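Please prepare a short report on selected local features of the model shown below. Cover residue exposure, contacts and helix packing.

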Amino acid sequence: SAIHYQSERRERPFVTINCGGFPEQLLESELFGYERGAFTGANQSRPGKIEMAQGGTLFLEDLDEMSADAQTRLAGLLHADDPNDRPNVRIIAAAQRSLAALVREGAFRQDLFYRLNVVAIRLPPLRERLDDVADLARSFLLRAKREGLPEKAIDTAAIERLKAHDFPGNVRELENLLRRAAALSPASVITAREIGEELGQAAREEFAVEEAADGLESAVSRRLAGEFAAASPGLPLSGLYDRLLAEVERPLITQALSATRGNQIRAAAVLGINRNTLRKKIQTLGIRTGRGD
């Protein structure tokens with residue numbers, strides 16, 4: 001964003017897309033657009049992000065998650081022999097993993113890597129620049145407010161509590177943590193106690209994931225075994241199916257909404273359900289979206 005708005009392209013569009021936030025086919029549609037009737041549900045033509053960014057900047061986030069087909073199509077577009085066929089777009093890309101290593105493993109196209117790897121910038125992980133935590137935290141709370149969540153401030157002790165965390169999930173972990181705090185905290189100021197509770201909950205969830213590393217099915221089996229064992233010699237209370245389903249659906253939908261920053265159309269696409277179904281589940285499960293609840 002800073003590169004774009006301090007360049008000669010600042011009056012043109014700045015367009016972003018998370019390459020890991022879409023199913024494979026949907027990512028190509030988002031990048032390159034589609035014509036009416038190209039697939040079921042394509043009731044009208046739609047420009048892609050590349051076309052929308054003409055004259056400006058396209059930011060490809062999580063480029064290392066881009067599918068092989070999308071890589072091929074993007075490489076072909078950037079390698080077009082006729083300059084008129086190449087997009088007039090500055091491309092900035094970010095990756096969590098080393099693209100050079102992925103090229104060596106055959107998981108990323110070498111020609112696309114060299115086409116994009118003109119100027120490389122290493123952004124240190126958040127744990128190596130903890131002085132940025134305060135500015136980032138306040139920025140994320142302002143962003144959450146603009147997106148419809150309650151207005152929140154954060155006190156100094158809470159900032160210090162954040163600095164004591166090593167952030168294995170990097171800046172995105174910090175943003176998601178503060179979005180949860182903004183959505184769930186009843187007070188107008190987020191305190192160190194609330195940050196500690198959020199970090200503790202995250203640690204418990206991480207432990208649960210590691211404990212169930214052999215698969216979600218095994219984790220569910222253990223959960224059910226506990227239910228039936230606790231009810232012995234009788235049976236668990238009725239409604240077990242709905243209770244267990246809600247335990248899976250609630251975090252699944254909440255995480256999808258968080259990842260898409262509350263955009264229900266994109267969240268529905270990620271989940272593979274239609275928007276009306278998602279809306280109904282949000283209401284049924286009592287999920288707060290920050291948009292009018």
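The report below takes single residues, then a surface patch, then a pair of helices.

The model is predicted. Three residues are listed here with their location and exposure.

| Residue | Location | Relative accessible area | Class |
|---|---|---|---|
| Ile 121 | loop between helix 6 (110-116) and helix 7 (133-146) | 66% | exposed |
| His 165 | loop between helix 8 (156-163) and helix 9 (170-184) | 18% | buried |
| Met 52 | helix 3 (residues 49-52) | 39% | partly exposed |

His 165 counts as buried because its relative accessible area of 18% falls under the 20% cut-off. Apart from neighbours within four places in sequence, His 165 is in contact with Leu 130, Glu 173 and Leu 199.

Met 52 touches Pro 13, Val 15 and Pro 47, with residues up to four places away in sequence left out. Of these contacts, Pro 13 is 39 residues from Met 52 in sequence, while the C-alpha to C-alpha separation is 7.3 Å.

Ile 121 belongs to a nonpolar patch on the surface, together with Ile 3, Val 118 and Val 119. The accessible area of these residues together is about 450 Å².

Two packed helices are described by the angle and the distance between their axes. For helix 13 (residues 264-271) and helix 14 (residues 275-285), the axes come within 9 Å and cross at roughly 100 degrees. Helix 13 and helix 14 are therefore roughly perpendicular to each other. On the helix 13 side, the residues involved are Gln 264, Ile 265, Ala 267, Ala 268 and Leu 271. They meet Arg 275, Leu 278, Arg 279 and Ile 282 in helix 14.

Terms used. Residues are numbered from 1 along each chain as its sequence is written. This is a predicted model: local features need pLDDT of at least 70, side-chain atom pairs count only at pLDDT 80 or more; totals for chains, interfaces and linings use all residues. Side-chain values use heavy atoms; hydrogens and water are left out. Patches are made of residues with over 30% relative accessible area and no salt bridge: like charges are joined within 9 Å, nonpolar side chains (Val, Leu, Ile, Met, Phe, Trp, Tyr) within 5 Å. Accessible areas come from the Shrake-Rupley method with a 1.4 Å probe; for residues, only the protein chains shown count as cover. A salt bridge is a side-chain nitrogen of Lys or Arg within 4 Å of a carboxyl oxygen of Asp or Glu. Helices (H or I, at least four residues) and strands (E, at least two) are DSSP runs, numbered from the N terminus. Buried means under 20% relative accessible area, exposed over 50%, partly exposed in between (1.4 Å probe, protein chains only). Contact means heavy atoms within 4.5 Å. Axes are lines fitted to C-alpha atoms, for helices over the stretch in contact, and angles run from 0 to 180 degrees between N-to-C directions. Angles under 35 degrees count as roughly parallel, over 145 as roughly antiparallel, 65 to 115 as roughly perpendicular and the rest as oblique.
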